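Hi everyone, thanks for making time for this. I'd like to walk you through one protein chain, beginning with the whole and then stopping at a few residues.

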Amino acid sequence: MGKYRADLRDIQFNLFDVLDIQRMKQFGLEEGDYRGILDEYNKFVENEVFPTREPSDAEGVKMVDGKVKVPSSLHGVQKAFYDNGWFALAIPAEQGGTPVPEALYTACMSLATGANCAWTMYPGLSRAALNVLRLKGDDFMKSVIIPKMMSGEWGGTMCLTEAGAGSDVGALKSTAKPLGNGKYAIKGAKIFISSGESDLYENNIHLVLARTPGGAEGTKGISLFVVPRFKINPDGSLAGDNHVQCSKIEHKMGIHASATCEMQFGSTGETEGWLIGEEFEGMSTMFIMMNEARLYCGLQGESQANLAYLMADQYVRERSQFGKELIHHPDIRRSLLRMRAMTRGMRALCLYSADLFDRLHDSGDQKYEGLIGLLTPICKAYCSEQGFTVSVEALQAFGGYGYCTEYGIEQFVRDTKIATIYEGTNGIQAIDFVMRKILKDGGKAISALSADMVASVTSLDDATFKREKELFGKVLMSAQSTMQFLSGLAQKNQFSLVLQHCTDFLQFASQMVIAWRLMESAKVAQKKLATAAGDEKKYLESKIVDFRIYCSHFLVHNLSTAKTITDLGDDVSLLEL
């Protein structure tokens, strides 16, 4: 079994030196308090979460006498997580939470997710469902359901996908028939429901998309409903079976400890639910949860890639071949430098994106709302994709041992892949990024982001970063010409051509954003180097290396990607396959 490691110094550097989260005085905490929370959370992850990773994967989820049973090792960590108050982190005080900066919460969740991604999905989905109830729920939901979810007695899920609909949510067949007194009879089947049922919670609160009578075809006629596994009395006690059943658990490539369920509503009796939000606004209400889940998918890639890299780094320093440790072989060293630059870049992006939520809340500046919308598909698609790629590269560093279960590295490959698929495949994220976040937006958000990048490049030190500055300048110019090319196609209604380039342009934009965040880190590190010594100096120098490596190994490919987009004039839908 591999050993747990965490790059706390890099997390601290991002939080305190780059993002300056200690600027936020509304939480009543100082930098030392934030460091203490991070340290204690990391200890919890090392001592409680990581030891469950391999055993829970080996045991998996089982259906026993019609009930879903999670791996036995998860019950202890689940109880400790809620008992220690970690679920309450970053939830508003009025719901019984412990408010902290979003970037600090994200850093903590990254540590836990890397240590056991499958387990974190249970409280992670419960938190996302809770946030929908918090923002859109009625008094009963807020006063009765949320406290039960805060305590860990009840969990939460998101029920969108149906067998005949898949990613085409608007084609769903589930129905909701009014019963009076605000209740609806829910009938239908949902598939691929993470945490759909388990013995970790005594009741599950399902958020279910369904169509009411008269609802228009497509997504415009869909509403969202709160559907408990067991009926609920006004005082919060359980009132009997609500005829919500798991009919099947999926046997999957990875995340074996996560219960992926096929759920039946109303097949054995009447299933009751309550409308949440307004009728026919189901998709917009559900997007509160979906966007949180999409950012979490990105974190799944980032977190597991970071731990996989750290485990590989430890291994190549200990393993000798041809008379010297693997770390001293140039090809292995190149691989480790690539992994470090990529994983730290993903971390910088995820924490920066989280910090934008606080900046939006504090300032009300809609610029930040636009940036959040723009970066959500980047975080989801790029970090999930690269999380898988880094995991594969980390496995390669272990050689044949990596392919075996002994060192625990192959599990990252199996567990990370799903993040590129669920919560909207990465192809769908690319379409959303180009069609909605750029073209429909009129380019406002990406123009604001580009302006920030131009300012960063302009202030970059010429002596230290001459090559990187020149490269970034070329990439920014190619970005402008590529966006103009795509806009021109859209203006001519040549949307088939636009759609075939979306994935490439999302990759282009993602690598540009990651390079920018690593640039900002390198600039901060360069300023601090003048007074640094020892291990701190070594660490700061590594931040400059990260930026250079990322530029030479990843950002440089943007120039060829731009050429691929602008030079391929053929409509691929018309080409022979």
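Let me start with a term: the radius of gyration is taken here over C-alpha atoms, and the rule for a globule is 2.2 Å times the number of residues to the power 0.38. Please keep in mind that what you see is a predicted model.

So how does the rule work out here? For 577 residues, a compact globule would come out near 25 Å, and the protein chain has 24 Å, which agrees. If you lay the C-alpha trace along its principal axes, the spans are about 70 × 60 × 55 Å. In secondary structure, the chain comes to 19 helices and 14 strands.

Next, the inside and the outside. Buried residues account for 57% of the 577 residues. Of the contacts with a separation of 6 or more, 75% are between residues 24 or more positions apart. The exposed area is about 23,400 Å², and carbon and sulfur atoms supply 53% of that. As for charge, I count 61 positive and 70 negative side chains, with the centres of the two sets 3 Å apart.

Now let's look at one helix, α9, which covers residues 330-363. How far apart should the ends of its 34 residues be? At 1.5 Å a residue, the helix should span 50 Å, and the end C-alpha atoms are 48 Å apart, so the two agree. Just after α9 comes Gly-364, with a positive phi of about 70°.

Two other residues have a positive phi without being glycine. One is Asp-65, at about 55°. You'll find Asp-65 in the loop between β1 (62-64) and β2 (67-69). Is Asp-65 buried or exposed? The cut-off for exposed is over 50%, and Asp-65 has 76% relative accessibility, so it counts as exposed. The other is Glu-423, whose phi is near 60°. Glu-423 lies in the loop between α12 and α13 (426-440).

Let's stay around that loop for a moment, since Thr-420 is found there too. Buried means under 20% relative accessible area, and Thr-420 is at 6%, so it counts as buried. What does Thr-420 touch, if we skip residues up to four places away in sequence? The list is Lys-380, Ser-384, Glu-385, Thr-425 and Asn-426.

Step back into helix α12 (residues 410-416) and you meet Gln-411. With 4% relative accessibility, Gln-411 counts as buried as well. Setting aside neighbours within four places in sequence, Gln-411 is in contact with Arg-53, Glu-54 and Asp-57.

My last stop is Leu-559, in helix α19 (residues 557-567). Leu-559 has 34% relative accessibility, so it counts as partly exposed. Which residues does Leu-559 touch, again not counting those up to four places away in sequence? They are Leu-471, Lys-474, Val-475 and Ser-478. Take Val-475: along the sequence it is 84 residues from Leu-559, yet in space their C-alpha atoms are 6.3 Å apart.

That pair is a nice one to find in the viewer yourselves. Thanks for listening, and I'm happy to take questions.

Note on methods
Residues numbered from 1 in each chain as written. Predicted model: local features only at pLDDT ≥ 70, side-chain atom pairs only at ≥ 80, totals over all residues. Heavy atoms only, no water. Helix = DSSP H or I, 4+ residues; strand = E, 2+ residues; numbered from the N terminus. Expected span 1.5 Å × (residues − 1). Buried < 20%, exposed > 50% of the residue type's maximum accessible area, 1.4 Å probe, protein only. Contact = heavy atoms within 4.5 Å. Areas by Shrake-Rupley, 256 points an atom, 1.4 Å probe, with all protein chains shown as cover. Lys, Arg positive; Asp, Glu negative; His and termini not counted. Charge placed at Lys NZ, Arg CZ, Asp CG, Glu CD.
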